[in-house]
Amino acid sequence: SAEMIEEAISVVEPLRRVFQEEADAEHHTQKEEPSMCMGRMMAELNNPSSQSTQTLFHRLGGKDAVLAAVDQFYERVVADDRVNYFFDGVNMYRLKSHQFDFMRYVFSHGQ
């Protein structure tokens, strides 16, 4: 329902801002790793004008890059006292697997 979507957005939006700020800082202070830093991923996600014929999933670096981003995201989440209590008792392996599957689906336009 629309109410559930609004509630989900209200929870996710502050997280997105925190991780965007961290990704921006990381992008400016570190060399990019082969797996792709979060800053590059955020830049690619914010660039809808890309003319590439590849899916966003492949432009982001494919399986390895998206897995690395999911791992980095959840490492930061569980280390952040503002939100980590949401994940108490959660099977993180399963959660990461579902998150990766979701991102792969979305970034590949359902292919």
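## A guided look at the core and salt bridges

Visitor: Which residues make up the largest nonpolar core?
Guide: In this predicted model, the largest nonpolar core has twelve residues. Helix 3 (56-59), helix 4 (62-79) and helix 5 (92-107) are the elements that each give two or more residues to this core. The members are Leu56, Phe57, Leu60, Val66, Val70, Tyr74, Val77, Val83, Met92, Phe100, Met103 and Phe107.

Visitor: What pattern does the chain follow when read along the sequence?
Guide: The chain holds five helices and zero strands. Read from one end of the sequence to the other, the pattern is therefore written with helix symbols alone, given that helices and strands are taken as DSSP runs. That pattern is α-α-α-α-α.

Visitor: How many residues apart in sequence are the parts tied together by Asp71 and Lys96?
Guide: Asp71 and Lys96 form a salt bridge in which the closest N and O atoms are 3.4 Å apart. Asp71 lies in helix 4 whereas Lys96 lies in helix 5, so the pair ties together parts of the chain that are distant in numbering by 25 residues. Asp71 is partly exposed at a relative accessible area of 34%, and Lys96 also counts as partly exposed, at 25%. The separation asked for is 25 residues.

Visitor: Which residue of the salt bridge between Asp80 and Arg82 is buried?
Guide: The side chains of Asp80 and Arg82 meet in a salt bridge with an N to O distance of 2.6 Å. Arg82 has 53% relative accessibility and therefore counts as exposed, the cut-off being over 50%. The other partner has a relative accessible area of 13%, which falls under the 20% limit for buried residues, and that partner is Asp80.

Visitor: What separates Arg104 and Asp101 in helix 5?
Guide: Arg104 forms a salt bridge with Asp101, and the closest N and O atoms are 3.2 Å apart. Arg104 counts as partly exposed at 37% relative accessibility, while Asp101 is partly exposed with a relative accessible area of 33%. Because the two residues are three apart in helix 5, what separates them is about one helical turn.

Visitor: What share of the accessible surface of the chain belongs to carbon and sulfur atoms?
Guide: Of the 111 residues of the chain, 32% count as buried. The accessible surface of the chain comes to about 7,900 Å². Of that surface, the share belonging to carbon and sulfur atoms is 54%.

Notes: Residues are numbered from 1 along each chain as its sequence is written. This is a predicted model: local features need pLDDT of at least 70, side-chain atom pairs count only at pLDDT 80 or more; totals for chains, interfaces and linings use all residues. Side-chain values use heavy atoms; hydrogens and water are left out. A nonpolar core is a set of buried Ala, Val, Leu, Ile, Met, Phe, Trp, Tyr and Cys residues joined through side-chain atoms within 4.5 Å. Buried means under 20% relative accessible area, exposed over 50%, partly exposed in between (1.4 Å probe, protein chains only). Helices (H or I, at least four residues) and strands (E, at least two) are DSSP runs, numbered from the N terminus. A salt bridge is a side-chain nitrogen of Lys or Arg within 4 Å of a carboxyl oxygen of Asp or Glu. Accessible areas come from the Shrake-Rupley method with a 1.4 Å probe; for residues, only the protein chains shown count as cover.
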